[in-house]
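Here's a walk through a few corners of one model, with strands, a helix, a pocket and some aromatic rings along the way. Have the viewer open while you read.

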Amino acid sequence: MAASLAEAAAPTQRATHWPIQRVAVLGAGTMGSRIAAHMANAGFPVLLLDLDNALVAKALEGLKKSKPAALASPEFLARIATGNFQDDLPRLADCDWVIEAVAENLDIKRDLLARVASHLRPTALLTTNTSGLPVAAIAQTLSADLRRRFFGTHFFNPPRYMQLVETIAAPESDPSAVAAVTRFAEVQLGKTVVPANDRPNFIANRIGAFSLLNTIHVMQTQGLTIEEVDALTGKPLGWPKTGTFRLADMVGLDVLGSVVRNFAANTRDERADIQLPAFLEEMLNRKWFGDKTGQGFYTKQKNAEGEDRLVLDVALFDYRAAQKPRLAALDMTKPIESLPERIRALLSGNPEKDKAAAFYWQILPDLWLYAANRIGEIADSLADIDRAMRAGFNWELGPFQMWDAAGAAETADKLRAQGRDLPDALEKLLTTPEKSWYRREGAEYFDPRTGNYVPIEPSSAVVTLARAKRSRGVVHENPGASLIDVGDGVACIEFHTKMNALGGDIVHFVCQNLAPDADPVRNFLAFVITNDAANFSAGANLVQLLLAAQDEEWDEIDSYIAAFQQMTQAIKFCPAPVVVAPFGLTLGGGCEVSLHGVARQPHLELYMGLVETGVGLIPAGGGCKEMTLRALELASGAAPATARSDSVELHHALRTIFENIALARVSTSAFEARALRLLRPSDAITMNRDRVLHDAKEKALAFAGAGYAPPLPRTDIPAPGDAALAALRLGAHMLREGEYASDHDVTVTTHLATVLCGGSITPGTLVSEQYLLDLEREHFLSLCGERRTQERIAYTLKTGRPLRN
């Protein structure tokens, strides 16, 4: 009856445009509060409601302490307004998108939505965040008009870091409404949005739950240990390096338990033999949820020297000391950087003699066959299944991409020989000349319904270097870098060394291609520096530096640093605008490259810092120089030449920058990088990693279109001088007195302070940019000769961590 009255009162207008400016989230649990936090990260006001105000207040406190941080900057918490279901539902009338994120219970969700319906504006969108409940069933009690504006949006936890959002349309959902949320999630929230069918667990959790349960099944069948399975299912397959069980502990077995129980209870497919194992059921009953409860598949036990790491023996259901697995196949394939090549190598072993090969020949074909049978059921295309697994589970390749790496035809022959049934999709694929799920370097995928290959049509705002290489090609390249035509008169400089470490190849390439008389400068309007890797750049090549320092090749080091400085100055003074688009790790020399662009277009997840002090050095690629200029800008209101060298503002700005570099601070987001003065206020931040190149290209074109003229090297910089230097030196010695720093730390930070202040000279003395660069190089060379610096560099190269004094 209530539904009929609601339908009678519903407006007759039919919206096709759905602007989203204000969002509400119903449910302040772990998921709901973190969805609200990410809306705040994107700059939107958000209303967070739950049963009572105390629950919401507790959720906000949890956001402040969450690790990894849910908020990109602490002040974004102010964007979240709060309330309760009893008093504040009328406030939903101001919201454009309302996300229900209460408990995974059909009746609870229906009851709340029935209360909410009358408070929504006629153009408001309503979605349910569910990890597997049938969306059509949730929608049944809604009015016809609201059913048109209702569908599922499955966020993955934690929403800030996990890219995937699955959209699940109900039978009456308006496609334009789904499209509006899709675009908002992609552009404003930085999500990979994949349409899923309304089937149990949707796409990623359906495949992921099967993979987990099947992995456990194979582990028990083959008598493997948890440590062995974690070693086999981590980095070797391009899956999260934690492996299956360590990842389960981190995510929480309560969360995974809900997913796998839903899988076991509601799926009726060809793998009905894959069920929840008894030991996992018992772990859930005992609330052994992993890290959040202190024990799961792994736990820790204190001893006299610290802690022992224990692992669950599932056969005995008791903990024992964890042991490092000995698997020769993993040692042999570890040097193989290409994942497709590594997969082929792992499958090349003899399953009768090699336990790794036996394991892989069971779990991978199981995964591939299961995924192939789900085409058309959980998703309309195999490409969507692959996208969901990459974005939702952080797999480097989706199941069909992995299958192509192994060879679909070759594996099919082996599976037939084993007497296994092959899916219809595979049989159709094997009739094609290509016999691969993808062709044309992944630009097209096979559609079993038609037997044809279908182009993958990314958003117009997604510009990848791989696509650019296919369509326009590489202009120049060397072993360290490439120049790629990305269209519209813009070229991109791509680094492609390991971790994009900046060595001689990259330095020479940038200098060569950005020189005033270089062909690329004459042929292109603008440049972007970025790449498609996981990280922008981990910094300079320390191996090369350490070897030269140990051999006391000081002239060689001096030449290398001079060339590095020449590279950053080529970026800054290039006749065409150079926009740098950093993301991920952007450390040391990578940060210095970014500082010298005319502008930056970073991704939200930017871990940026001048970290050279961590290895006993100082920034010497122009980083100190640029940060001195920023301090002068802060003190004078963006006019460094007018800064007073004795002003309180300058001393405060310089001290802050000195501390950031001395303590090797690294931003936890692009917003924090802005607070650390590594980005300028005018540097816009891109939420979606796939749009970074597009946005950087547009920014570069805007500079070019406005009649860009490069800056001239400065010769009128008022050096802070010896007064500021004395204050910074005092700060360094106070840290030593308080035992927060070692004698060597004081040595390093004294060199840093000297360079930032322009040396021990009269405050206000006018110096040039080249003077500051020469000072950087002089003090860098001095530190290279320190035995303790060389020890710290060697330790970092060996362990991947700085040596703490």
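Which residue is the bridge partner of Ile 529 in S19? That would be Val 580. Before going further, note that this is a predicted model.

**Around strand S18**

Strand S18 covers residues 526-529 and is covered on both faces. Ala 526 and Val 528 are buried on one side, with Phe 527 and Ile 529 buried on the other. That fits the usual pattern: in a regular strand, side chains alternate between the two faces of the sheet.

S18 pairs with S17 (residues 490-495) in the parallel sense, over four bridges. In that pairing, Ile 493 stands opposite Ile 529. S18 is also joined to S19 (residues 578-580), again running parallel, through three bridges. Ile 529 thus turns up in both pairings, facing Ile 493 in one and Val 580 in the other.

**A three-stranded sheet and an enclosed helix**

Elsewhere there's an open sheet of three strands in the order S12-S13-S14, paired antiparallel. S12 (438-439) and S14 (452-455) are the edge strands, each pairing on one side only. S13 (residues 444-447) is joined to S14 by four bridges, and Phe 446 stands opposite Tyr 453 there.

Now for helix H17 (residues 399-406): why call it largely enclosed by the rest of the structure? Because six of its eight residues are buried. Those are Pro 399, Phe 400, Met 402, Trp 403, Ala 405 and Ala 406. The cover over them includes helices H14 (339-346), H15 (355-374), H16 (382-393), H18 (408-417) and H19 (424-429), plus strand S12. Right after H17 comes Gly 407, with a positive phi near 100°.

The sheet and the helix meet again in an aromatic cluster: ring pairs link Trp 368, Phe 400, Trp 403, Trp 437, Phe 446 and Tyr 453. Phe 400 and Trp 403 are among the buried residues of H17, while Phe 446 and Tyr 453 are the two that stand opposite each other.

**More aromatic pairs**

Searching the whole structure turns up 23 aromatic pairs. Two of them are set out here.

| Pair | Centre to centre | Angle between planes | Type |
|---|---|---|---|
| Trp 97 and Phe 184 | 5.8 Å | 90° | edge-to-face |
| Trp 288 and Tyr 319 | 5.6 Å | 40° | tilted |

Trp 97 sits in strand S4 (residues 97-100) and Phe 184 in helix H7 (residues 175-187), so their pair ties together parts that are 87 residues apart in sequence. Trp 97 counts as buried at 0% relative accessibility, and Phe 184 counts as buried at 7%.

For the tilted pair, Trp 288 is in the loop between helix H12 (278-285) and strand S9 (298-303), and Tyr 319 is in strand S11 (residues 318-321), so the parts tied together are 31 residues apart in sequence. Trp 288 and Tyr 319 are both buried.

**The second largest pocket**

How many residues line the second largest pocket? There are 41, and Ala 538, Gly 539, Ala 540, Leu 542 and Thr 796 lie nearest its centre. The volume of this pocket is about 1,200 Å³. By class, its lining has 23 nonpolar, 12 polar and six charged residues.

Elements that each supply at least two lining residues include H21 (504-514), H23 (542-550), H24 (554-573), S20 (584-587), H25 (589-595) and H33 (787-799). H33 gives the most, with four residues.

Terms used: Residues numbered from 1 in each chain as written. Predicted model: local features only at pLDDT ≥ 70, side-chain atom pairs only at ≥ 80, totals over all residues. Heavy atoms only, no water. Buried < 20%, exposed > 50% of the residue type's maximum accessible area, 1.4 Å probe, protein only. Pairing = 2+ DSSP bridges. Contact = heavy atoms within 4.5 Å. 1 Å grid on protein atoms, 1.4 Å probe; cavity = no way out; pocket = protein on both sides within 12 Å on 5 of 7 lines; lining within 4 Å. Points joined across faces, edges and corners; volume = space filled by probe spheres on them. Nonpolar A, V, L, I, M, F, W, Y, C, P; charged D, E, K, R; others polar. Phe/Tyr/Trp six-rings, centres within 6.5 Å; stacked < 30°, edge-to-face > 60°.
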